[in-house]
Amino acid sequence: MATDMIIVFFGELSTKGKNIMDFIRLLGKNIRSTLKAFPGLGYEIKKDHIYILLNGNPYDAVAKKLVKVPGLLSFSLAKAIDSDLEAIKEESLRLYRQSGAKTFKADCRRIDKAFPTRSDEVNRAIGGKILFACPGSKVDVHHPDLMIHVMIRKEGTYVYGIKEKGLGGYPLGIAGKGLMLISGGIDSPVAAFLMMKRGVKLEMIHFAAPPYTSEKVIDKIHDLLHVLNDFQEDIKLYVVPFTELEKKIYDVAGPSYCVTIMRRMMMRIACSIAYKHNDLVLASGESIGQVASQTLYSIKVIEEACTLPMMRPVCTYDKNEIIELAKKIGTYDISIRPYEDCCTIFALKDPVTHPDMEKVKAIEESFDYMAMVRDCVRNVKVEHILREEEEAF
C-alpha cells in the first residue's frame with residue numbers, strides 16, 4: 001500500500017468539546033463543495049483529522065483551492081503506507097531526498113499501541129537510515145530544515161513533511177448567517193472576508209443611487225463578490241434603490257448631518273431585510289475614526305437606529321492593515337476603481353463628528369422617512385452571485 005493523500009488539521013476546532021463533530025462534519029462538507037471539480041477524490045472524516053485521498057488528482061491544484069476553506073488550520077501532502085518499520089524508513093528517506101533539506105528531525109506518533117516499535121525507536125531508526133544513506137545529512141532537533149512526521153494508526157501509517165497554512169477560523173456557516181453592508185470600497189470586502197473566516201455565512205446589501213452613481217459600481221460589487229466566492233461559493237446580494245431617500249435626506253439635513261441621517265436610514269433598511277431573511281446580525285467595514293461617521297460619537301448615534309447586533313471586524317485596523325489584507329485576498333485592485341458609490345456622490349463640507357441626538361431626531365421628524373424606508377425595502381433587487389468554477393486541471 002502506498003497512496004498519496006492530504007491530511008487536514010483543525011486548529012481551533014479542537015477546543016469545541018462535545019460539539020467538535022458538528023464543526024468537523026461541516027468543514028468536511030465545505031471541503032467537498034470547494035473541491036467538487038476534482039474527479040474521484042476520496043474522503044475520510046474523523047475526529048482528529050480529515051483525510052483526502054487524491055486518487056490521481058494533482059496535489060498543487062487541490063492545495064490551491066484548499067487554502068481558501070475557512071476552518072482549516074493547515075494541511076500536508078502525505079503518503080499512506082503499510083505499518084511496517086522498513087516501509088516507514090524507506091518512505092522517510094524518500095521524503096528527505098525529495099525535499100532538498102540538509103537537516104531533519106523525525107517525529108513519530110504511535111497511536112496504534114499494538115505496533116511493536118516505540119515512537120522514540122522509530123525516530124532513531126529513521127535517523128539512522130537517512131544518515132547512512134545521505135552523507136552530509138544532519139539531525140537538528142531544534143530548527144530542522146525538514147520535520148518528518150510519522151503517524152502510526154491501526155489502518156496504516158502516514159508519513160508527511162511540510163504543513164501548508166490554511167485560513168484557520170471556523171467552518172463557514174457554523175456561526176449562522178449575517179447581512180453585510182458592502183459599498184465597493186476597500187474596507188467592507190475585507191470585513192466580509194473576516195466574518196466568513198469566523199464561520200458566518202453572509203448575505204450582502206448595497207445601496208445604489210442611480211443616475212448619480214455609475215452602473216459600473218454594480219459591476220464593481222459583482223467583481224468583489226466573485227473574489228469572495230473563493231471563500232463562500234454562493235452569495236445573495238440585495239441592491240437597494242436609495243436615490244430618492246438620499247436626496248430627501250440631503251434636503252432636510254444639510255451637509256453636516258447628511259451622512260449621519262443617511263447611515264441611520266441604511267440601518268433601518270438593512271434590519272428590515274435581515275429580519276425578513278433570518279439574518280442574525282449586521283456587519284460593516286467601519287474602522288474607528290477613519291471618517292466622520294465612524295467616530296465613537298457618530299457610531300453611537302447611528303447604531304441607535306439599528307435593532308440587530310452590529311459587527312465591525314476591522315474596527316481596530318488602521319488603513320494600511322486593511323489595504324494589506326485586501327491585497328492578500330485579491331479585492332484591493334477592484335476596490336480602488338474610480339467609481340463613486342452612494343456614500344460619496346454629494347460633496348460634504350464639515351460633516352459632524354459629534355452628532356447631537358436631539359437634533360438628529362428633529363431632522364427625522366421633519367419628513368415621513370418610514371414611508372420612504374418601506375419603499376426602499378419593497379423595491380429591493382435580489383441577485384445571486386455564484387462561484388465561477390474553473391476546470392480542476
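This report describes aromatic pairs, charge-ring contacts, one sheet, unusual backbone geometry and a surface patch in a predicted model.

## Aromatic pairs

The model contains eight aromatic pairs. One of them joins Phe9 and Tyr160, whose ring centres lie 5.7 Å apart with the planes at 45°, so this pair is tilted. Phe9 belongs to strand 1 (residues 2-9) and Tyr160 to strand 8 (residues 156-160), so the contact ties together parts that are 151 residues apart in sequence. Phe9 is buried because its relative accessible area, 9%, falls under 20%. Tyr160 is also buried, with a relative accessible area of 4%.

Another pair is formed by Tyr96 and Phe104. Here the ring centres are 5.4 Å apart and the planes stand at 65°, so the arrangement is edge-to-face. Tyr96 is buried at 6% relative accessibility, and Phe104 is buried at 1%.

## Charges over rings

Two contacts place a charged side-chain end over a tyrosine ring. Arg198 has its charged end over the ring of Tyr170, at 4.5 Å from the ring centre. Lys327 has its charged end over the ring of Tyr332, and the distance to that ring centre is 5.0 Å.

## A six-stranded sheet

Six strands make up an open sheet with mixed pairing, in the order 14-13-10-11-12-15. Its edges are strand 14 (310-311) and strand 15 (381-386), each of which pairs on one side only. In general, the strands of a sheet pair through backbone hydrogen bonds, in either a parallel or an antiparallel sense.

At one edge, strand 14 pairs with strand 13 (residues 281-283). This pairing is parallel and runs over two bridges. Ala283 has Met311 of strand 14 as its bridge partner.

## A cis peptide bond

Which peptide bond is cis, with omega near 5°? The bond from Pro210 to Pro211 has this geometry. Pro211 is located in the loop between strand 11 (200-208) and helix 6 (216-228). Strand 11 is itself a member of the six-stranded sheet, where the order places it between strands 10 and 12.

## Positive phi at two asparagines

Asn55 is not a glycine, yet its phi is positive, at about 50°. The residue sits in the loop between strand 3 (50-53) and helix 2 (59-66). Asn55 is partly exposed, with 47% relative accessibility.

Asn278 likewise has a positive phi without being a glycine, in this case about 60°. Its loop connects helix 7 (243-276) and strand 13, and strand 13 is the strand that pairs in parallel with strand 14. Is Asn278 buried or exposed? Asn278 is exposed because its relative accessible area of 60% is over 50%.

## A nonpolar surface patch

Leu131, Val139 and Val141 together make a nonpolar patch of about 240 Å² on the surface. Val139 is found in strand 6, which covers residues 138-139. With a relative accessible area of 46%, Val139 is partly exposed. That value is over 30%, so Val139 meets the accessibility requirement for a patch residue.

Key:
Residues are numbered from 1 along each chain as its sequence is written. This is a predicted model: local features need pLDDT of at least 70, side-chain atom pairs count only at pLDDT 80 or more; totals for chains, interfaces and linings use all residues. Side-chain values use heavy atoms; hydrogens and water are left out. Patches are made of residues with over 30% relative accessible area and no salt bridge: like charges are joined within 9 Å, nonpolar side chains (Val, Leu, Ile, Met, Phe, Trp, Tyr) within 5 Å. Accessible areas come from the Shrake-Rupley method with a 1.4 Å probe; for residues, only the protein chains shown count as cover. A salt bridge is a side-chain nitrogen of Lys or Arg within 4 Å of a carboxyl oxygen of Asp or Glu. Helices (H or I, at least four residues) and strands (E, at least two) are DSSP runs, numbered from the N terminus. Buried means under 20% relative accessible area, exposed over 50%, partly exposed in between (1.4 Å probe, protein chains only). Rings of Phe, Tyr and Trp (its six-membered ring) pair if their centres lie within 6.5 Å; planes under 30 degrees apart count as stacked, over 60 as edge-to-face and the rest as tilted. A charge sits over a ring if NZ of Lys or CZ of Arg is within 6 Å of the ring centre and within 35 degrees of the ring normal. Two strands pair if DSSP finds at least two bridges between them.
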